[in-house]
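Me: I'm just starting out with protein structures, and I'd like a close look at a single part of this one. Please walk me through it step by step.

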Amino acid sequence: MRHRAIAFGRLLWSRIGHDDRGMTTVEYAVGTLVAAALAAVLYRIVTGDSIVAGLTSLITRALGIV
């Protein structure tokens with residue numbers, strides 16, 4: 001009886017269109033791509049001329065070097 005219930009649940013789940021086989025791999029792949037894209041954007045922002053100049057100015061003022 002339990003086997004029939006499990007089989008029915010799987011059939012119902014597949015008919016709804018929610019086949020989760022392989023989803024973990026896809027989620028990791030998408031997460032990795034998003035993290036890499038975010039890292040690239042942050043790298044571009046931090047290494048930009050205005051950010052470098054601002055940080056240099058801040059450190060210079062903090063150390064008292066004019």
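How many residues does α3 have, and how far does α3 reach from its first C-alpha to its last?

Reply: Happy to help! Helix α3 has 15 residues and reaches 21 Å from its first C-alpha to its last. That is close to the 21 Å expected at 1.5 Å a residue.

Before going further, a word on trust: this is a predicted model. Across the protein the mean pLDDT is 79, and 74% of the residues reach 70 or more. Your chosen part does well here, since confidence is highest in α3, at a mean of 88. The lowest confidence belongs to helix α1 (residues 2-16), with a mean of 67.

Now let's place α3 in the whole. The protein has three helices and zero strands, and along the sequence these follow the pattern α-α-α. Buried residues make up 0% of the 66 residues. The protein exposes about 6300 Å², and carbon and sulfur atoms supply 68% of that area.

Let's look at what lies on either side of α3. In the loop between α2 and α3 you will find Thr47. A polar atom of the Thr47 side chain lies 2.6 Å from the backbone oxygen of Tyr43. Thr47 has a relative accessibility of 39%, so this residue counts as partly exposed. Just after α3 comes Gly64, which takes a positive phi of about 80 degrees.

Next, the surface. Leu38, Val41, Leu42, Ile45, Val46, Ile51, Leu55 and Leu58 form a nonpolar patch there, with about 700 Å² of accessible area together. The elements that give two or more residues to this patch are α2 (23-46) and α3 (49-63). The largest share, five residues, comes from α2.

Ile51 is a good residue to pause on. Ile51 lies in helix α3 and is one of the patch residues. Why can Ile51 be called partly exposed? Its relative accessible area is 33%, and partly exposed covers values between the 20% limit for buried and the 50% limit for exposed.

One last idea may help as you turn the model around. An α-helix has 3.6 residues a turn, so residues three or four places apart point the same way. Keep that in mind while you look at Ile51, Leu55 and Leu58 in the patch.

Conventions:
Residues numbered from 1 in each chain as written. Heavy atoms only, no water. Patch = residues over 30% accessible without salt bridge, like charges linked within 9 Å, V, L, I, M, F, W, Y side chains within 5 Å. Areas by Shrake-Rupley, 256 points an atom, 1.4 Å probe, with all protein chains shown as cover. Salt bridge = Lys/Arg side-chain N within 4 Å of Asp/Glu carboxyl O. Helix = DSSP H or I, 4+ residues; strand = E, 2+ residues; numbered from the N terminus. Buried < 20%, exposed > 50% of the residue type's maximum accessible area, 1.4 Å probe, protein only. Expected span 1.5 Å × (residues − 1). pLDDT = per-residue confidence, 0-100. Polar contact = N/O pair within 3.5 Å; in protein donor to acceptor, adjacent residues only side chain to side chain.
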